[in-house]
Amino acid sequence: VRHARARGLKSQLVGYKCPGERCSYRAAQMGCETGTRLSEGVWVPLGVAIDRPRLCHDAVAMQNIYDNEEFFTNYQVMRSARAGINEAIEQPALLSVLPCVEGLHVVDLGCGDGHLCRLLANKGAANVLGVDPSERMLTLARKRTNDPRVGYQQGFAEEVCLPNNSVNLVTSSLALHYVADLAALVKKVAGWLTRPGWFAASMEHPVVTAAPRLGHDPCIVDDYAREDKRDTTWYVDGVIKYHRRVSTIVNTLIDSGLLIERLLEPTPTPESLNARPELALHQRRPAVLVVAATKPIARDTP
Ligand SMILES: C[S@@+](CC[C@H](N)C(=O)[O-])C[C@H]1O[C@@H](n2cnc3c(N)ncnc32)[C@H](O)[C@@H]1O
């Protein structure tokens, strides 16, 4: 924090809520000012410096639509009724590409109500930090979480600042299509990850983000090559998403030095299709793209 302040940053600490003593020595070696000792030789940073004004280089690019009351209310009605693609399509696919999380230090970008954070803690993660810009979503997350290994921080993924080699697994569930500069974010994620380290994310499939105009056949893909902001209507007008081609997403990971392990375009499970025939749409065209990548122990050198 002192370091951040010296750089003129407005920072705040977020705690990895894990047992152990605080110490500044190893953390300082890692490039942050304080840390928590989990066990002999295992350290995690105690704090994440969130720098709102300075890192917000393109303020209009970051939209906190989940704090819009009308949007939030409608979104929660949909989620409570499990009427979306989350449980039926996206979550099983994302979970299927995760490594064994036992003992891992995890960051979940765009954590929403913290569902995935709690699940990963239940599966044995050492600690999970959920980051989300929406205070309404985080209020739900905090209400629904009663696990000291899970902590939350309000902020956009793009704003998060963590020491290099400090996180074992970074996850993101259906949030990256809200990020304008995916390449910059993935580069940071690759830096945060330990060797070995894992990155697993789901996002709206590019055939969906390409031409999301209401009233059009959702199976007609249009305007695919133009990688740019899309101004969409979802519960309210003006919901900003970012469209990128599949190849761009894949190459962004490759360019950051991560090794792609898996690419999924999940379809509804037979059970969910039985219960909800309307999900057949997502067999006609994929709703979600899931990517899993690793930061290997050592890169081959020629
Ligand atoms: C579709 S919800 C998914 C929430 C949660 N991951 C889940 O699967 O239930 C998308 C979430 O991404 C968050 N979000 C939007 N833009 C973001 C950004 N730039 N960085 C991080 N999270 C963002 C929203 O506030 C919202 O909570």
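1. The ligand shell comes first. Its residues divide into 11 nonpolar, four polar and three charged. In all, 18 residues surround the ligand. The closest are Gly-110, Asp-132, Ala-157, Glu-158 and Ser-173. Please keep in mind that this is a predicted model.

2. Now the polar contacts of the ligand. Asp-132 has an N or O atom in its side chain 2.6 Å from an oxygen atom of the ligand. Ser-173 also uses its side chain: a polar atom there lies 2.7 Å from a ligand oxygen atom. With Ala-157, the backbone is involved. A polar backbone atom of Ala-157 is 2.8 Å from a nitrogen atom of the ligand. How much of the ligand's accessible area does the protein cover? On its own the ligand has 590 Å² of accessible area, and the protein covers 97% of that.

3. Next, the sheet. Seven strands build an open sheet, and their pairing is mixed. Read across, the order is S6-S5-S4-S7-S8-S12-S11. Which strands sit at the edges? They are S6 (150-154) and S11 (259-264), and each of them pairs on one side only. From one strand to the next, the twist averages 15°.

4. Within this sheet, look at S8 and S12. Strand S8 covers residues 193-204, and strand S12 covers residues 288-295. The two run antiparallel and are joined by eight bridges. For a landmark, take Ala-200, which stands opposite Ala-292 in S12.

5. Strand S8 deserves a second look for its backbone. Pro-196 is found in this strand. The peptide bond that joins Arg-195 and Pro-196 is cis, with omega at about 0°.

6. A helix packs on the sheet strands. Helix H5 (residues 86-96) lies across S7 (167-173), S8, S11 and S12. Relative to S8, helix H5 runs at about 165°. Ahead of H5 is a loop that follows helix H4 (69-80), and Arg-82 has its place there. Arg-82 is not a glycine, yet its phi is positive, at about 50°.

7. Strands S9 and S10 form a hairpin. Strand S9 holds residues 229-234 and strand S10 holds residues 236-242. They run antiparallel, with five bridges between them. Lys-229 stands opposite Tyr-242 in S10. What lies between the two strands? There is one residue, and Tyr-235 in the turn has a positive phi of about 70°.

8. Last, Ser-256. This residue lies in the loop between helix H10 (246-255) and strand S11. Its side chain has a polar atom 2.7 Å from the backbone oxygen of Leu-253. Leaving aside residues up to four places away in sequence, Ser-256 touches Val-186, Lys-187 and Ala-190. The strand after this loop, S11, is an edge strand of the sheet, and helix H5 lies across it.

Methods
Residues numbered from 1 in each chain as written. Predicted model: local features only at pLDDT ≥ 70, side-chain atom pairs only at ≥ 80, totals over all residues. Heavy atoms only, no water. Pairing = 2+ DSSP bridges. Helix = DSSP H or I, 4+ residues; strand = E, 2+ residues; numbered from the N terminus. Axes fitted to C-alpha atoms, helices over the stretch in contact; angles between N-to-C directions. Contact = heavy atoms within 4.5 Å. Near = heavy atom within 4 Å. Polar contact = N/O pair within 3.5 Å; in protein donor to acceptor, adjacent residues only side chain to side chain. Areas by Shrake-Rupley, 256 points an atom, 1.4 Å probe, with all protein chains shown as cover. Nonpolar A, V, L, I, M, F, W, Y, C, P; charged D, E, K, R; others polar.
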